[in-house]
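Me: I'd like to work through a protein model step by step. Can we take it in short questions?

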Amino acid sequence: MYAAFVGVTGIMLVCPWYLYTHMPLVTFKPVCMDERQELQTTDIVLTTEQADNLAAVLAQYGEPYRRSGSNTVLITPELSRDQDLIWNYTTKSGI
């Protein structure tokens, strides 16, 4: 009985860590509004300060993210498909 409890407890502790470290993530691509008032994804490279600001905004809103280097922020594929929300995070972080 004790061994089963320890095994289940161990799995409950390891699974969230494993999912967090092995979650498929994609590079954050800023979204800007063009002259026709349409949202457009850009391929600009973030500065370290912009990446820091973006990480702070994502953390504030409870979005899962990971840093990869000093100027790359990785986000979930689900979030990357929400262009309106990405635009909101882009503007809030000053990009």
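Here are some questions and replies on this predicted model.

Me: What is the strand order in the open sheet of 3 strands?
Reply: The strands of this sheet pair in antiparallel fashion. One such pairing, between β1 and β5, has 2 bridges. The order is β1-β5-β4.

Me: Which strands stand at the edges of the sheet?
Reply: Look for strands with a single partner strand. Such a strand has one side left without a neighbour in the sheet. That describes β1 (26–27) and β4 (65–67).

Me: Which residue in β5 does T27 stand opposite?
Reply: Strand β5 covers residues 73–75 and runs antiparallel to β1. Within β5, the residue opposite T27 is L74.

Me: At about what angle does helix α2 run to β4?
Reply: Helix α2 takes in residues 48–60. It lies across β4 and β5. Its angle to β4 is about 155 degrees.

Me: How far apart are the end C-alpha atoms of α2, and what should its residues span?
Reply: Count 13 residues in α2, at 1.5 Å a residue. The expected span takes 1.5 Å times one less than the number of residues, so α2 should span 18 Å. The end C-alpha atoms agree with this, as they are also apart by 18 Å.

Me: Within what arc do the buried residues of α2 fall?
Reply: The buried residues are Q50, A51, L54, A55, V57 and L58. An α-helix has 3.6 residues a turn, so residues three or four places apart point the same way. Seen down the axis, the buried residues of α2 line one face, because they fall within an arc of 165 degrees.

Me: Which elements do the buried residues of α2 pack against, and which residues are exposed on the other side?
Reply: The buried residues of α2 pack against β4, β5, α3 (77–80) and α4. On the other side of α2, the exposed residues are E49 and Q60.

Me: Is K92 buried, partly exposed or exposed?
Reply: K92 sits in helix α4 (residues 83–92). Its relative accessibility is 44%. Buried means under 20% and exposed means over 50%. So K92 counts as partly exposed.

Me: With which side chain does the side chain of K92 make a polar contact?
Reply: Leave aside neighbours within four places in sequence, and K92 is in contact with V57 and Y61. V57 is 35 residues away in sequence, yet 7.0 Å away in space, C-alpha to C-alpha. The polar contact, at 3.4 Å, is with the side chain of Y61.

Me: Which residue with a positive phi follows α2?
Reply: Helix α2 ends at residue 60. The phi in question is near 70 degrees. The residue is G62.

How values were computed: Residues are numbered from 1 along each chain as its sequence is written. This is a predicted model: local features need pLDDT of at least 70, side-chain atom pairs count only at pLDDT 80 or more; totals for chains, interfaces and linings use all residues. Side-chain values use heavy atoms; hydrogens and water are left out. Two strands pair if DSSP finds at least two bridges between them. Helices (H or I, at least four residues) and strands (E, at least two) are DSSP runs, numbered from the N terminus. Contact means heavy atoms within 4.5 Å. Axes are lines fitted to C-alpha atoms, for helices over the stretch in contact, and angles run from 0 to 180 degrees between N-to-C directions. Buried means under 20% relative accessible area, exposed over 50%, partly exposed in between (1.4 Å probe, protein chains only). A polar contact is a pair of N or O atoms within 3.5 Å; within protein, one must be able to donate a hydrogen and the other to accept it, and residues adjacent in sequence count only if both atoms are side-chain atoms. The arc is that of the directions from the helix axis to the C-beta atoms.
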